[in-house]
Amino acid sequence: LQASERQFRAAMEHSPIGMALTRIDGTWIDVNPALCAFLGYSRQELMEAGFKRVTHADDREATILMARNMVATHQKSVTLEKRYIHADGSILAGVLSLTVVRDPDDRPVMFISQIVDVTAARRLDHLKSEFITTVNHELRTPLTGIMGALALLEQFSLAGLAERDQKLIGVASKNAARLKSLLDDI
């Protein structure tokens, strides 16, 4: 039993991801150093704060309903992404894996929460999306002008142009349309 307790304590204390043991009523039994670091609280502060205070207001009810549903349907575990509130007030993103622990009589005893910090990944996704939107707009604006000019050339000047010039305008129009299609896909 002592060896088992040492192994459990080592797993909690040295895990690189946030972990919490939670009673069925939602109060914390224990939290690990990684969760404290993620949320910016000391262990004592985090234990007093509870999960509701560190869960974004828009995600609280969904988290509670999901936990109740897990207990009612005997679902063992579930994973979801949710927002957390750091001690400094900033919003963090975490992937929560929640597991229900049951006693030998199949009664729910507690939840095990494992939380992976994905804040940097979400910020990177947001920056990537903004970059793609900006580049798309910056390329689309001149391309629209080029396509308009080529369409006018094709419409009004092809009769007076040499065959070689007509082919060049056709190639330019075809490549402009291809570029527009690529931008639409982006």
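Arg-9, Glu-13, Asp-30 and Arg-43 are joined in a network of salt bridges. The structure is a predicted model, and its salt bridges come to a count of 12. Side chains of opposite charge can pair when their charged atoms come close.

Within the network, the side chains of Arg-9 and Asp-30 form a salt bridge with an N to O distance of 2.9 Å. This pair links distant parts of the chain, since Arg-9 belongs to helix H1 (residues 2-14) and Asp-30 to strand S2 (residues 28-31), 21 residues apart. The surroundings of the two partners can be described by their relative accessible area. Asp-30 has a value of 6% and is therefore buried, the cut-off for buried being under 20%. Arg-9, at 29%, is partly exposed.

A further salt bridge brings together the side chains of Asp-184 and Arg-140. Asp-184 is located in helix H6 (residues 163-185) and Arg-140 in helix H5 (residues 119-156), so this salt bridge ties together parts that lie 44 residues apart in sequence. Asp-184 is partly exposed, with a relative accessible area of 46%, and Arg-140 is also partly exposed, at 26%.

Asp-103 and Arg-107 likewise meet through their side chains in a salt bridge. Of this pair, Arg-107 has a relative accessible area of 48% and is partly exposed.

The table lists these salt bridges with their distances.

| Acidic residue | Basic residue | Distance, N to O |
|---|---|---|
| Asp-30 | Arg-9 | 2.9 Å |
| Asp-103 | Arg-107 | 3.0 Å |
| Asp-184 | Arg-140 | 2.9 Å |

Definitions and conventions
Residues numbered from 1 in each chain as written. Predicted model: local features only at pLDDT ≥ 70, side-chain atom pairs only at ≥ 80, totals over all residues. Heavy atoms only, no water. Salt bridge = Lys/Arg side-chain N within 4 Å of Asp/Glu carboxyl O. Helix = DSSP H or I, 4+ residues; strand = E, 2+ residues; numbered from the N terminus. Buried < 20%, exposed > 50% of the residue type's maximum accessible area, 1.4 Å probe, protein only.
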